[in-house]
Amino acid sequence: MVRIGVIPGSRRGSHGPLYEVGFSYVDGVAQAGALPLIFPFTRSLARVEALLDLVDGLLLTGGGDIAALVYNQDPVRVWGPDPERDAFELLMIQEARRRRLPIFAICRGIQILNVAYGGTLIQHLETGQQHAPRRQEEAIYHRISIDPESLLYRLLGRDTVVVNSYHHQAIHHLGEGLRDVAWASDGTIEAVEGTDPDHFVLGVQFHPERMLDGPEARILFQAFVQAAQGR
Ligand code: MN
């Protein structure tokens, strides 16, 4: 069975820090036929290597903001940074890239992916109304335009789709080795792909794991798992 490493987030609990990851990420991987494995944080390269030895692909999940110092900026609008997670994910991406291990990156995932490839982030979107709900329970959606010359277009078969949006940050300067392939109407980058044809790298700023009822989300998880299977 194809195995996918899933990186959780963390939060403070009353008895110390806790790992947390939405069931929907794990379900998205499982529904695509793979076995999800949730990975603990480490700053040790030897442990990162041992973790990646266990899997055929890596899923980068959503969460809080990446510390701005990681991409050489001072924090202006950064909420809830998690230095242990930042450090772990940067190591994981670096090693996964070296191995050409398929990567699927969601929301915060596309942001840390871009940072790991040397890019920077917009710390706060001024057109935030389009991208972040005012209240947490609110759901908002917007259209994205997809580059017809992209994997995303080949997978979805359409140059415009409606996606959900729960982010106040976004990619600013693209990292080297990534290209932007989908945009919101304000120009915000909503998807990226790797430029190495032998390495499956797909990042989306929206949350397919919250759209598992729809065909688009299932197509994306399946494409990722197929790439992992084909290694
Ligand atoms: Mn958006």
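Start by selecting histidine 167 in this predicted model. Histidine 167 lies in the loop between strand 9 (160–164) and strand 10 (170–171). Is histidine 167 buried or exposed? Its relative accessibility is 3%, so histidine 167 counts as buried, because the cut-off for that word is under 20%.

Now show the side chains around histidine 167. Serine 165 makes a side-chain polar contact with histidine 167 at 3.2 Å. Another polar contact, of 3.3 Å, runs from the side chain of histidine 167 to the side chain of glutamate 190.

**The manganese ion**

Next, select the manganese ion. Which residues coordinate the manganese ion? They are His131 through ND1, His142 through NE2, Ser165 through OG, His167 through NE2 and Glu190 through OE, at 2.2 to 2.3 Å. If you like to follow the chain, the donors of the manganese ion are spaced as H-x10-H-x22-S-x1-H-x22-E. Color histidine 131 and glutamate 190 to see how this site links distant parts of the chain: histidine 131 is in helix 5 (residues 128–131) and glutamate 190 is in strand 12, 59 residues apart. Histidine 131 and glutamate 190 are both buried.

**Strands 12, 13 and 6**

From glutamate 190, follow strand 12 (residues 189–194) to strand 13, its antiparallel partner over three bridges. The two strands, 12 and 13, make a hairpin, and six residues lie between them. Stop at glycine 203 in strand 13, where valine 192 stands opposite. Alanine 105 also stands opposite glycine 203. For the wider view, display strand 6 together with strand 13: they pair in the parallel sense over four bridges.

Stay with strand 13 (residues 201–204) and turn on its side chains. Which way do the residues point? Val201 and Gly203 point one way, Leu202 and Val204 point the other way, and all are buried. As a general pattern, side chains in a regular strand alternate between the two faces of the sheet.

**Helix 7 and its aromatic neighbors**

Select helix 7 next. This helix has 15 residues and reaches 21 Å from first C-alpha to last, close to the 21 Å expected at 1.5 Å a residue. Its buried residues include Leu220, Phe221, Phe224 and Ala228.

Then add phenylalanine 104 to the view. Phenylalanine 104 and phenylalanine 224 form a tilted aromatic pair, 5.5 Å centre to centre and with 50° between the planes. Phenylalanine 104 belongs to strand 6 (residues 103–106) and phenylalanine 224 to helix 7 (residues 215–229), so this pair ties together parts 120 residues apart in sequence. Phenylalanine 104 is buried, at 0% relative accessibility, and phenylalanine 224 is buried too, with a relative accessible area of 0%. Widen the selection to Phe104, Phe200, Phe221 and Phe224, and you have one aromatic cluster.

**Two last stops**

How many aromatic pairs are there? The count comes to five. One of them joins phenylalanine 41 and phenylalanine 88, which is tilted, with 5.6 Å centre to centre and 40° between the planes. Phenylalanine 41 sits in the loop between strand 4 (35–38) and helix 2 (45–53), while phenylalanine 88 is in helix 3 (residues 83–99), 47 residues apart. Phenylalanine 41 is buried at a relative accessible area of 17%, and phenylalanine 88 is buried at 0%.

Finish by selecting arginine 210 and tyrosine 166. The charged end of arginine 210 sits over the ring of tyrosine 166, at 4.1 Å from the ring centre.

Technical notes. Residues are numbered from 1 along each chain as its sequence is written. This is a predicted model: local features need pLDDT of at least 70, side-chain atom pairs count only at pLDDT 80 or more; totals for chains, interfaces and linings use all residues. Side-chain values use heavy atoms; hydrogens and water are left out. Rings of Phe, Tyr and Trp (its six-membered ring) pair if their centres lie within 6.5 Å; planes under 30 degrees apart count as stacked, over 60 as edge-to-face and the rest as tilted. Buried means under 20% relative accessible area, exposed over 50%, partly exposed in between (1.4 Å probe, protein chains only). A charge sits over a ring if NZ of Lys or CZ of Arg is within 6 Å of the ring centre and within 35 degrees of the ring normal. Two strands pair if DSSP finds at least two bridges between them. The expected span of a helix is 1.5 Å times one less than its number of residues. Donors are N, O and S atoms within 2.8 Å of the metal (3.2 Å for Na, K and Ca); water is not among the atoms, so sites may look incomplete. A polar contact is a pair of N or O atoms within 3.5 Å; within protein, one must be able to donate a hydrogen and the other to accept it, and residues adjacent in sequence count only if both atoms are side-chain atoms.
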